[in-house]
Amino acid sequence: MTGAIAPLDDFSVWARSNLLVIILLVLGALLLTRLADWARGRIMTRIDARYADSDELVRSEAAKHRHVVAQVVTWGAVAIVYTVTAVLVVQNLGIPTAGLVAPAALISAGLGFGLQRFVQDIGAGFFITGERQYGFGDVVKINVSGVTEPAFGTVEEVTLRVTRIRSVSGEVIIMPNGQITQVTNLSRDWARAVIDIPVPTAVDVGHATDVLEQVGKEAYSDERLRKMMLDQPSVMGVERMDVDTFSLRMVARTLPGMQFDVGREIRALVAAAFRTEGIIVSAEVDTGRATGDEAP
């Protein structure tokens, strides 16, 4: 009779000791995860509040980098917590960790090719964060290996493994960091609005250029637009000639990410000025953009 009761007694002792420790470890890991998420939320809220209270139109590079670092550190801390918790749970289950070395080596060898991409993503995430290639709120164009069309949108989240951006149409695009081959940051340091205006060949080039120069002065004198620009828009001259039209190019250096708004405003001013002068413009008015890495 005593021999039959012993297993129950052993389980009762184990439940009051090891099982209780396992439950506490799991609860502790969950609480630390919640704490890490709460701390990340507080840090990001403070960064956003500081930006909202300032008179800056765009986030500083330091603020964008702090946002990314907060996300990466939180992700890394959560990964460490769960890894340590898993090891301690295995130990409290009575499974000798030394005996797991050989099976772990076999499993790691078997999964080696699959884990290579994971390790590659983590390594690329370290370089993206350390080199400040892009940060939260940046407008980027990212080329991904094996995908013909680049992903274009605003960075919403950067972790050591993936980057998440939101496209203009509201789609969320998630890319492994290790598969990123090229990044074009459209909101780093400064940007440039490039507007090509097709003008009929019957219009005098000098007259059209004078009108565009006046538009540039008018845009720069507007207090609202001037806050988004670094200098007065300039007319570069004839960029292209076709059979019945020639294209005049206007260029304006802007704050990072403001090139799209400035381009739209200048196009509206050009359309109004040309209408006043009786110049009929083709429906095709192209606005390009460039990053601060290119010469103005």
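# Strands, bridges and cut-offs

Mentor: Let's start with a pair of strands in this predicted model. Strand E3 and strand E4 (residues 172-176) run antiparallel, with five bridges joining them.

Trainee: What makes E3 and E4 count as paired?

Mentor: Pairing takes at least two bridges between two strands. E3 and E4 have five bridges, so they qualify as a pair. Thr 163, for instance, stands opposite Met 175 in E4.

Trainee: What connects E3 and E4?

Mentor: They make a hairpin, with five residues between the two strands. Gly 170 sits in that turn and has a positive phi of about 95°.

Trainee: And how many bridges join E2 to E3?

Mentor: Four bridges, with strand E2 (residues 151-158) and strand E3 (residues 162-166) running antiparallel. Since at least two bridges are needed, four are enough, so that's a pair as well. Three residues lie between E2 and E3 in their hairpin. Thr 163 turns up again here, as Val 158 stands opposite it.

Trainee: How do you know that Glu 156 and Arg 164 meet in a salt bridge?

Mentor: Check the N to O distance, which is 3.6 Å for their side chains. The cut-off is within 4 Å, so the pair passes. In general, side chains of opposite charge can pair when their charged atoms come close.

Trainee: Why is Glu 156 called partly exposed?

Mentor: Buried means under 20% and exposed means over 50%. Glu 156 has 21% relative accessibility, so it counts as partly exposed. Arg 164 has a relative accessible area of 30%, so the label is partly exposed there too.

Trainee: What about Arg 253 and Asp 231, and how do you know that they meet in a salt bridge?

Mentor: Their N to O distance is 3.1 Å, and the limit is 4 Å, so it's a salt bridge. That pair links distant parts of the chain, 22 residues apart: Arg 253 is in strand E8, while Asp 231 is in the loop between helix H6 (223-226) and strand E7 (234-241). Arg 253 is partly exposed at 24%, and Asp 231 is partly exposed at 27%. Going back to the sheet strands, salt bridges that share partners put Glu 156, Glu 157, Arg 164 and Arg 166 into one network.

Trainee: How many salt bridges does the structure hold?

Mentor: Ten. One of them is between the side chains of Asp 37 and Arg 40, at 3.8 Å, N to O. Within 4 Å is what counts, so this one passes too. Both residues lie in helix H1, three residues apart, about one turn of the helix. As for exposure, Asp 37 is at 35% and counts as partly exposed, and Arg 40 is at 24% and gets that label as well.

Trainee: Is Ser 247 buried or exposed?

Mentor: Buried, because its relative accessible area is 2% and the limit is under 20%. Ser 247 is in strand E8 (residues 245-254).

Trainee: Which residues does Ser 247 touch?

Mentor: Leaving out residues up to four places away in sequence, Ser 247 touches Asp 196, Ile 197, Pro 198, Gly 237, Val 238, Glu 239 and Arg 240.

Trainee: What is notable about the phi of Arg 132?

Mentor: Arg 132 has a positive phi of about 55°, although it isn't a glycine. Most residues other than glycine have a negative phi. Arg 132 lies in the loop between helix H4 (112-130) and strand E1 (139-144). With a relative accessible area of 40%, Arg 132 is partly exposed.

Trainee: Which residues make the nonpolar surface patch?

Mentor: Leu 20, Ile 23, Leu 24, Val 26, Leu 27, Leu 30 and Tyr 82, covering about 610 Å². Helix H1 (residues 2-53) gives the most, with six residues.

Trainee: What makes Leu 27 eligible for a patch, given its relative accessibility?

Mentor: A patch residue needs over 30%. Leu 27 has 43%, so it clears that bar, while still counting as partly exposed. Leu 27 is in helix H1.

Trainee: Last one: which residues is Val 81 in contact with?

Mentor: Ala 29 and Leu 32, leaving aside neighbours within four places in sequence. Val 81 is in helix H2 (residues 61-92). Its C-alpha atom and that of Ala 29 are separated by 6.2 Å, though the two residues are 52 residues apart along the chain.

Technical notes. Residues numbered from 1 in each chain as written. Predicted model: local features only at pLDDT ≥ 70, side-chain atom pairs only at ≥ 80, totals over all residues. Heavy atoms only, no water. Contact = heavy atoms within 4.5 Å. Patch = residues over 30% accessible without salt bridge, like charges linked within 9 Å, V, L, I, M, F, W, Y side chains within 5 Å. Areas by Shrake-Rupley, 256 points an atom, 1.4 Å probe, with all protein chains shown as cover. Buried < 20%, exposed > 50% of the residue type's maximum accessible area, 1.4 Å probe, protein only.
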